[in-house]
Amino acid sequence: MTTTARTPQPDPTQTGSLRPDPSRADPSPPDPSWDGAPEPEARFAAARQVADAVLFEGYVLYPYRASAAKNRLRWQFGVLVPPGWGADSGEHSLQRTECLMEPRGEATLFAELRFLHAQRRTVEQPVPGGGFQPVAELELADRVLTAWDEGIEERIQLSLPVAALGGDGQVLRFSRPAREETEPVRDESGRTVGRLLRRREEIRGLLRVTATDVPGPYAVRRLTAVVENTSDWAAGDAGADREAALPHALVSAHLMLGLSSGSFLSMADPPEWAKGATAACENLHTWPVLAGQDGRSDVVLSSPIILEDHPAIAPESPGALYDATEIDEILALRTAALTDQEKREARGTDARAAAVIELADTMPPEVLERLHGAVRALREVTGPGRGGGEQPDLPDPLDQIQPFDPFAADPPQKPWWDPESDRSVDPVRDRVLVDGVSVGAGSRVRLRPGRRRTDAQDLFLHGRDAQVEAVLHDVDGGVHLAVTVEGDPGADIRREQGRFLYFQPDEVAPLEEP
């Protein structure tokens with residue numbers, strides 16, 4: 001492999017510890033010492049598994065070929081573009097994380113910024129007389145090589161005493177140099193039949209960390225961490241587009257934050273006394289969740305993908321498939337069913353795509369069976385005597401289930417509650433009072449979800465007008481409104497299939513007069 005680097009002059013304002021070594025094609029493993037602090041790597045171990053999934057989510061989608069339509073628009077999460085492109089593009093050049101922490105003693109804050117640096121790969125073929133020229137693809141026995149943007153992982157790490165974060169805080173400026181490298185391509189006989197040309201552009205950025213005291217009786221501080229792309233690239237000519245800006249972007253950018261002593265407060269479920277201060281935190285284009293090992297709260301993962309506290313990778317997952325919008329079992333089966341030509345194209349698209357093909361082709365049946373489903377909330381019920389002593393032998397509830405026999409003389413018993421036999425409810429005619437207005441099927445309402453924050457997609461429906469299709473009662477006495485959104489082109493299909501959106505009465509506002 002031949003490598004040439006176009007390295008800028010060192011930035012005299014650059015401070016802190018930087019990893020990986022920018023002179024290498026692949027990221028160096030992070031220095032476990034973190035400038036003398038031995039514990040961050042172990043502290044971040046659990047969060048790193050989820051962070052890896054965030055870093056590469058959507059990297060390459062089924063059917064894992066560069067030619068597939070959904071693999072032509074790349075990089076959807078956490079893309080921090082150069083300021084010269086982001087201003088008019090609807091994309092952003094910074095993300096801001098803000099949360100509350102309770103540091104103890106002389107606590108140290110550990111921070112790790114991770115992102116992908118887009119590396120543009122082109123395929124070239126030798127020409128008579130020497131030299132190479134670009135080609136659309138290069139066919140080999142086991143793969144088909146095409147142009148593709150590879151993602152190179154970058155890490156920026158620093159550790160600072162919490163006491164040093166007051167006032168203007170601390171700023172770490174970083175850069176990654178432009179570089180170019182070539183890799184020869186050989187066929188099965190060892191003959192050189194082409195080469196891959198890889199280019200990376202220079203990127204610059206900064207990480208600013210500050211901490212301020214939160215008024216009140218508790219020793220709580222508001223931590224603010226801003227990641228910003230400061231690259232001076234600009235769309236100089238009118239033809240420049242997003243594809244031209246991506247090599248200068250921080251892709252899938254996210255932060256891991258840890259305390260050597262102390263804890264962070266949950267943004268989703270803070271203690272009662274901290275709810276006001278938590279609500280005042282401003283997070284832009286990212287969301288922090290607790291991610292400490294074994295349920296601890298000493299680590300935060302701030303991700304551009306909305307997660308819950310203490311996210312984890314399912315133990316049944318056989319490996320990275322990069323497409324969390326699909327079900328692993330279906331992905332594995334459909335990937336294994338690709339044609340040989342499709343698999344050759346996938347192997348030539350990216351090393352990660354090739355690994356997915358290998359995973360699907362070699363997955364043992366018992367591993368595939370695990371993907372079919374799992375029960376995580378099962379617990380043993382031992383009766384009133386639990387807590388010590390000999391437990392009585394109780395009948396297995398499963399033994400008491402009678403299988404349904406369609407030819408039996410007596411029909412099976414009805415369920416304990418049958419909506420068809422309960423004439424006290426009628427979804428079409430029932431009505432409920434909302435702000436003093438009687439609301440039922442046919443009523444128009446304005447959606448105002450978010451009070452319970454149960455579904456992130458509800459944010460897109462806030463303020464939209466909708467029509468109530470039914471008033472439903474659950475067995476616990478709760479009332480739910482089934483609605484269709486006005487202007488939804490698929491509303492008629494939703495009505496036919498009974499696939500509605502559901503809101504509680506306090507999540508809507510009537511549009512009709514009392």
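Helix axes at 65 to 115 degrees count as roughly perpendicular, under 35 as roughly parallel, over 145 as roughly antiparallel and the rest as oblique. This is a predicted model in which local features need pLDDT of at least 70 and side-chain atom pairs pLDDT 80 or more, while totals for chains, interfaces and linings use all residues. Residues are numbered from 1 along each chain as its sequence is written, and side-chain values use heavy atoms, without hydrogens and water.

Q: Are helix 6 and helix 8 roughly parallel or roughly perpendicular to each other?
A: Helix 6 spans residues 328–336 and helix 8 residues 351–362 (DSSP runs of H or I, at least four residues, numbered from the N terminus). Their axes, fitted to C-alpha atoms over the stretch in contact, lie 8 Å apart at an angle of about 90° (scale 0 to 180 degrees between N-to-C directions). The two helices are therefore roughly perpendicular.

Q: Which residues of helix 8 does helix 6 meet?
A: On the helix 6 side, the contact (heavy atoms within 4.5 Å) is made by A332, T335 and A336. The residues of this contact divide into 5 nonpolar, 1 polar and 1 charged. Those met in helix 8 are V356, I357, A360 and D361.

Q: Which element gives the largest share of the lining of the largest pocket?
A: The largest pocket has a volume of about 880 Å³. Of its 34 lining residues, the closest to the centre are A53, E57, I313, S317 and A324. Two elements give two or more residues to this lining, helix 2 (45–56) and helix 6. The largest share, 6 residues, comes from helix 2.

Q: How do the residues lining the largest pocket divide into nonpolar, polar and charged?
A: Asp, Glu, Lys and Arg count as charged, Ala, Val, Leu, Ile, Met, Phe, Trp, Tyr, Cys and Pro as nonpolar, and the others, Gly among them, as polar. For the lining of the largest pocket, the division is 19 nonpolar, 5 polar and 10 charged.

Q: Which strand gives the largest share of the lining of the second largest cavity?
A: About 40 Å³ of space lies in this cavity, and its lining includes C99, F264, P288, V289, L290 and D309. The lining residues divide into 8 nonpolar, 1 polar and 1 charged. Residues 287–290 form the strand with the largest share, 3 residues, and that is strand 15.

Q: Which residue takes a positive phi in the hairpin of strand 17 and strand 18?
A: Strand 17 (residues 431–434) and strand 18 (residues 437–440) run antiparallel and are joined by 4 bridges. V434 stands opposite V437. The hairpin has 2 residues between the strands, and the one with a positive phi near 55° is D435.

Definitions and conventions: On a 1 Å grid over the protein atoms alone, a cavity is a set of points where a 1.4 Å probe fits but cannot get out, and a pocket is an open set with protein on both sides within 12 Å along at least five of seven lines; lining residues have an atom within 4 Å of a point. Grid points are joined across faces, edges and corners, and a volume is the space filled by probe spheres set on the points. Two strands pair if DSSP finds at least two bridges between them.
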